[in-house]
Amino acid sequence: MRVAAVHGPNLNLLGRREPDVYGHHTLADVDAALTETARGLEAEVESFQSNHEGELVDFIQQAAARVDGFVVNAGAYTHTSIALRDALAAVARPYVEVHISNVFARERFRHRSYLAGNAVGVVSGFGVNSYRLGLRAIVEHLRAGEDGERVR
Ligand code: DQA
């Protein structure tokens, strides 16, 4: 089982960017945490970050051929991007939306997500652990039977 983690704009600045909101972990720390979590789940993970909407669309289209699902932190594009929503719908791979911060405890414009409606679920507010939880959630979802029961 293979999952792609998609990191949107400004997440390359993690560790230096508004540390009171996003903490001190870098994107490399996030990717290391994902790799370690994936190993424990006997899954594989790859990561991609871009500040450009079209590059994120291209990555989703191309990665879909080799992955079973996605963990997506689209950053601010979460709240604006119909193109990312459409890309994820087009490739028809399940995904979990994740956020480091609790977007629902922040400004109102962060309460709307164009991605959440088609997601398996949303993890928001657990810092770097949001990614670990999101990866675990998508892997368990993918391993679940069609009737929702866990396949062990
Ligand atoms: C974020 C929340 C978004 O509102 C914001 O634009 C980000 C990061 C998060 O991980 O908490 O860039 O997705």
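A polar contact is a pair of N or O atoms within 3.5 Å; within protein, one atom must be able to donate a hydrogen and the other to accept it. The side chain of S130 reaches the backbone oxygen of H99 at 2.8 Å, so this pair falls within the 3.5 Å cut-off. The model described here is predicted. The protein has five helices and five strands, and the points below go from the whole chain to single residues.

**Overall build**

- Read from the start of the sequence to its end, the helices and strands follow the pattern β-α-α-β-α-β-α-β-β-α.
- The radius of gyration is 14 Å, close to the 15 Å that the globule rule gives for 152 residues, so the protein is as compact as a globular protein of that length.
- The C-alpha trace spans about 40 × 30 × 25 Å along its principal axes.
- Of the 152 residues, 43% count as buried.
- Among contacts with a separation of 6 or more, 73% are made by residues 24 or more positions apart.

**S130 and its surroundings**

- S130 lies in helix α5, which covers residues 129–143.
- Its relative accessible area is 0%; buried means under 20%, so S130 counts as buried.
- Leaving aside neighbours within four places in sequence, S130 is in contact with V98, H99, I100, V123, S124 and G125.
- H99 is thus on the contact list of S130, and the backbone oxygen of H99 is the atom that the side chain of S130 reaches.

**Salt bridges**

- Side chains of opposite charge can pair when their charged atoms come close.
- A search of the whole structure finds six salt bridges, and the bullets below describe some of them.
- E44 forms a salt bridge with R2, and the closest N and O atoms are 3.2 Å apart.
- E44 is in strand β2 (residues 44–49) and R2 is in strand β1 (residues 2–7), so this pair ties together parts that are 42 residues apart in sequence.
- Both partners count as partly exposed: E44 has a relative accessibility of 46%, and R2 has a relative accessible area of 23%.
- R66 and E46 also meet in a salt bridge, at 2.9 Å from N to O.
- This second pair links distant parts of the chain, with R66 in the loop between α3 (53–63) and β3 (69–73) and E46 in strand β2, 20 residues apart.
- R66 is partly exposed at 42%, whereas E46 is buried at 13%.
- The side chains of E107 and R110 form a salt bridge with an N to O distance of 2.7 Å.
- E107 is partly exposed, with 35% relative accessibility, while R110 is buried, with a relative accessible area of 17%.
- R2, E44, E46 and R66 are joined into one network by salt bridges that share partners.

**Helix α4**

- Helix α4 covers residues 82–91, and L84, A87, L88 and V91 in this helix are buried.
- Seen down the helix axis, the buried residues of α4 fall within an arc of 95°, so they line one face of the helix.
- These buried residues pack against α3, β3 and β4 (95–99).
- At the start of α4, a side-chain oxygen of S81 comes to within 3.4 Å of the backbone nitrogen of A83.
- After α4 comes A92, which has a positive phi, near 55°.

**The aromatic pair**

- The structure holds one aromatic pair.
- The pair is made by F48 and F59, which are stacked, with 4.5 Å from centre to centre and 5° between the planes.
- F48 lies in strand β2 and F59 in helix α3, so the pair ties together parts that are eleven residues apart in sequence.
- F48 is partly exposed, with a relative accessible area of 23%, whereas F59 is buried, at 8% relative accessibility.

Key: Residues numbered from 1 in each chain as written. Predicted model: local features only at pLDDT ≥ 70, side-chain atom pairs only at ≥ 80, totals over all residues. Heavy atoms only, no water. Salt bridge = Lys/Arg side-chain N within 4 Å of Asp/Glu carboxyl O. Helix = DSSP H or I, 4+ residues; strand = E, 2+ residues; numbered from the N terminus. Buried < 20%, exposed > 50% of the residue type's maximum accessible area, 1.4 Å probe, protein only. Arc of directions from axis to C-beta. Contact = heavy atoms within 4.5 Å. Phe/Tyr/Trp six-rings, centres within 6.5 Å; stacked < 30°, edge-to-face > 60°. Rg over C-alpha atoms; globule rule 2.2 N^0.38 Å.
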